[in-house]
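Trainee: I would like to work through this model with you, one question at a time.
Mentor: Gladly; let us look at it together and reason from what is shown.

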Amino acid sequence: MSFCIELTGKTAIVTGGSSGIGLSISQVLLNAGARVMIIDIDEKRFISVKDEIKKISPEFDFYEADIKNSEKISETVQKIISKESKIDILINNAGIVKDGLLIRMNDEDWLDVINVNLNGMFYITKNVLKHMVKAKSGRIISIASVIGEIGNAGQANYAASKAGIIALTKSIAKEYAARGILANAIAPGFIKTIMTDKLPEDVKDAIKKGIPLNRIGEPYDIANAVLFLCSELSGYITGTVMNVNGGMYM
Ligand code: NAI
């Protein structure tokens with residue numbers, strides 16, 4: 001039996017869609033026939049990948065916005081609604097790291113990571129939810145992290161933000177299930193992107209040794225899981241965290 005996931009007629013928002021996992025998610029959703037609205041703080045990076053995206057489908061748009069700016073995000077969602085008239089899928093993917101030992105972590109690094117990774121998800125989700133509630137349907141998929149489940153030395157701010165994403169996801173799932181809205185999180189393991197490229201080679205090798213599937217994940221590994229959670233195949237799944245990590249830490 002073979003399944004082909006079809007998202008023709010669906011409109012999706014992908015935050016942080018200019019690079020890495022968000023770019024791959026945007027490409028996979030476009031490939032499945034969805035219209036994709038990319039929201040990202042980095043327009044230059046988007047311009048550098050625009051032609052690559054266009055090869056898959058021209059059905060996308062870009063909105064430059066900082067996910068931690070509540071007012072700007074509200075305006076951006078309004079603009080998308082005026083143009084698209086609906087939002088079927090929201091992918092909360094934008095995220096940053098500012099690592100350091102807790103004892104030396106300054107307030108700014110703590111707040112920046114919480115503001116982008118967790119508060120950003122709150123700002124956009126509440127704005128999008130209003131429209132999903134009216135439509136009585138919607139999918140919200142948020143990119144957490146294995147670190148949000150197990151913690152990590154040097155990543156207290158990041159771990160707290162990602163654990164918050166998981167708790168927020170479970171609350172949305174309970175609050176809006178009766179309105180036909182499904183909310184799930186994906187917890188990636190170690191994925192090859194700009195975020196992880198910065199790590200020294202010996203650290204990457206040590207991480208790889210701890211992955212039973214013996215390879216570092218690729219952005220499409222996460223994008224494929226997102227595609228499943230956007231599809232009819234996952235219609236009875238809400239409030240879960242899908243671990244996509246090659247067996248790491250399990
Ligand atoms: P990346 O750095 O390649 O991409 C992040 C994207 O978010 C960029 O396009 C960036 O411009 C955008 N962004 C950053 N701050 C923003 C803001 N304030 N407003 C709007 N957009 C903003 O990173 P990557 O690796 O693709 O990460 C994507 C998500 O996956 C993040 O939430 C990250 O925490 C999560 N993740 C990544 C893992 C990895 O190993 N790469 C592992 C687990 C989770």
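**Salt bridges and a cavity**

Mentor: In this predicted model, D88 has a relative accessible area of 12% and is therefore buried.

Trainee: With which residue does the side chain of D88 meet in a salt bridge?
Mentor: Side chains of opposite charge can pair when their charged atoms come close. The N to O distance in the salt bridge of D88 is 2.7 Å, and a salt bridge requires such atoms to lie within 4 Å. The partner has a relative accessibility of 32%, so K86 counts as partly exposed. The residue that meets D88 is K86.

Trainee: Is K204, the salt-bridge partner of E201, buried or exposed?
Mentor: The closest N and O atoms of E201 and K204 are 3.3 Å apart, and both residues lie in helix α8 (residues 201-209), 3 residues apart, about one turn of the helix. E201 counts as exposed because its relative accessibility is 53%, the cut-off for exposed being over 50%. K204 has a relative accessible area of 13%, and since buried means under 20%, K204 is buried.

Trainee: Which residue forms a salt bridge with R215, and how does its relative accessibility class it?
Mentor: The side chain of R215, which counts as partly exposed at 40% relative accessibility, takes part in a salt bridge with an N to O distance of 2.9 Å. Its partner is D221, and at 18% relative accessibility D221 counts as buried.

Trainee: Which residues do salt bridges that share partners join into one network?
Mentor: By the rule used here, the count comes to 10 salt bridges. Where salt bridges share partners, they join residues into one network, and the residues joined are R35, E59 and E84.

Trainee: Turning to the interior, what is the volume of the largest cavity?
Mentor: The structure holds 1 cavity of 30 Å³ or more. The residues that line the largest cavity include T15, I67, N92, V116 and I165. Its volume is about 70 Å³.

Trainee: Which helix gives the largest share of the lining of the largest cavity?
Mentor: Among the lining residues are V116, N117, G120, M121 and I124, and helix α4 spans residues 107-135. The largest share of the lining is 5 residues, and it comes from helix α4.

Trainee: How many residues of that lining are charged?
Mentor: The lining of the largest cavity divides into 7 nonpolar and 5 polar residues. I143 and A94 are among the residues that line it, and both count as nonpolar by residue type. The number of charged residues in the lining is none.

Conventions:
Residues numbered from 1 in each chain as written. Predicted model: local features only at pLDDT ≥ 70, side-chain atom pairs only at ≥ 80, totals over all residues. Heavy atoms only, no water. 1 Å grid on protein atoms, 1.4 Å probe; cavity = no way out; pocket = protein on both sides within 12 Å on 5 of 7 lines; lining within 4 Å. Points joined across faces, edges and corners; volume = space filled by probe spheres on them. Helix = DSSP H or I, 4+ residues; strand = E, 2+ residues; numbered from the N terminus. Buried < 20%, exposed > 50% of the residue type's maximum accessible area, 1.4 Å probe, protein only.
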